[in-house]
Amino acid sequence: MTQLRTDWTVEEIERLYDLPFNDLLFKAQTIHRESFDPNEVQVSTLLSIKTGACPEDCSYCSQSARNDTGLEREKLLPLDEVLVAANRAKDSGATRFCMGAAWRNPTDKNLDKVITMVKEVKDLGLETCVTLGMLTKLQAERLADAGLDYYNHNLDTSPEFYGEVITTRSYQDRLDTLASVRGAGINVCSGGILGMGETARDRARLLQQLANLEKHPESVPINELVQVKGTPLDGTDEIDNFDFIRTIAVARIIMPKSYVRLSAGRTEMNAEMQAMCFFAGANSIFYGETLLTTDNPEEDTDMKLFNRLGIKKEGYTAQEAIA
Ligand code: SAM
Ligand code: DTB
Ligand code: SF4
C-alpha cells in the first residue's frame, strides 16, 4: 500500500514531473486504483453567493474591484435563492454544493447568514463546501459546529510566484487559514491555478506545499486559468496540455488518497484532454453550466462525455447516472 508522506522534496516532485509521459501516467493510474474506483468521478456544483467588488487584487480574478471586467456586483444572495440553486444541483446529481463569496474575509454578521445556508443545504442531503476568504480560528470553529463538510482555500501557486499574482495578502495568510480550518476539523479543499505564467518548478513547489501540509487536503482543485478580459492575466501564454496533465498525475501520486479535481478551464479542453486528466488521476469535477462567474460545460455535455468513457458519478448507481 502507498504510504502517505508529508516530507516531499521539490527535487523528488520534479523527478516525477519529468518522467517519460507514459511512465508518469502509468504510475499515477496504478496509485489511483489502489484507493479509488477508476471509473467514478465525484461532482460538485458551485454557486457564487456574493459576487464582485472584492478588495483583494488577485490578478486572475473577474471579481476583484481593481479589475475592470464589467461584472455586475451583487449583494449576498438571500437564502431562498441559494436553496433553489442547491435543489437544482441535487436534482442534477451533484453530491456537494459549494458556495463562494468574493470577500477578503467574512464579517461575523455575514458568517451568521452563511451558517444558516450551510445548515439548510445540508438538510437537503448535500455535502456542503464554502469559500469565503480568510478565516479566524473562531470563525472556522463556528462553521464546523454548523456541520460544514469542506472549506475551499487555494494556495494558487508557489510561494515564490505568489507575489507576482496577488499583493494584498501573503502566502502565510493562506497557510494560517488552512491551519484554522484543519484545526476545527473541517475537510480541507486546497489547490491552485495553472497557466498564469508560472514555471514547472512553481508547479512542483505548489504541489509540495499542499502535500507537506500537516495532513493532505481531502480535495485538491487544479484549475486552468480562465482568462477574463480586464484582468492583468488576460493574454498570458497558455500552459501546454501535457504539462497540465503531468501536474494532475504528480498530484495524484504524492497525495494518493485525495480527490483531485479537474476544476476551472474545462470549456477550453476537448473530450480527449479531459479523458487524459481522468486517466492521470483526476476524479472530481465542477458540474453545472457556470463556475462562479465564468462558463463551465453544459451538464448534458458532461454526461455525454461520462457515458462515452464509462464513467459514473460517484454516489449514484449506473442506472441513475445514465438517466
Ligand atoms: N474570495 C475567496 C478566495 O479567494 O479564497 C473565495 C472565492 S475565489 C474566486 C476561489 C478560487 O477560485 C481562487 O482561489 C482561485 O484559485 C479560483 N479562481 C478565481 N478566478 C479564477 C480564474 N479566472 N481562473 C481559474 N481559477 C480561478
Ligand atoms: C476552485 O478551486 N475553483 C473554483 C472553486 N474552487 C471556488 C472557482 C473557479 C472560479 C473560476 C472563475 C470564475 O468563474 O469566476
Ligand atoms: Fe477576491 Fe477571491 Fe477573486 Fe481574490 S480570488 S479577487 S479574494 S474573489
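A cavity, as I use the word here, is a set of grid points where a 1.4 Å probe fits but cannot get out.

**Entry 1, the count.** I am working from a predicted model, and I began by asking how many cavities of 30 Å³ or more there are. The count comes to 2.

**Entry 2, the largest cavity.** I looked up its volume and found about 870 Å³ of space. Its lining is made up of 43 residues, and those closest to the centre are Tyr60, Cys61, Gln63, Asn154 and Leu292. I then noted which elements give two or more residues to this lining, and they are the strands E1 (40–50), E2 (96–101), E3 (127–131), E4 (150–152) and E7 (219–224), with E2 giving the most, at 4 residues. Sorted by class, the lining has 22 nonpolar, 13 polar and 8 charged residues.

**Entry 3, the ligand.** Where does ligand 3 sit? I found ligand 3 in the largest cavity. Around ligand 3 I listed Cys54, Glu56, Cys58, Tyr60, Cys61, Ser64, Ala102 and Arg169, and by class this shell holds 5 nonpolar, 1 polar and 2 charged residues. Going back to the centre of the largest cavity, I see that Tyr60 and Cys61 are among the residues closest to it, and both names also stand in my list for ligand 3.

**Entry 4, the second largest cavity.** Here I noted a volume of about 30 Å³. The residues that line this second cavity are His32, Pro38, Glu40, Val41, Phe278, Ala282, Asn283 and Ile311, and I recorded their classes as 5 nonpolar, 2 polar and 1 charged.

Key
Residues numbered from 1 in each chain as written. Chains lettered and ligands numbered in written order. Predicted model: local features only at pLDDT ≥ 70, side-chain atom pairs only at ≥ 80, totals over all residues. Heavy atoms only, no water. Near = heavy atom within 4 Å. 1 Å grid on protein atoms, 1.4 Å probe; cavity = no way out; pocket = protein on both sides within 12 Å on 5 of 7 lines; lining within 4 Å. Sits in = over half its atoms within 2 Å of the grid points. Nonpolar A, V, L, I, M, F, W, Y, C, P; charged D, E, K, R; others polar. Points joined across faces, edges and corners; volume = space filled by probe spheres on them.
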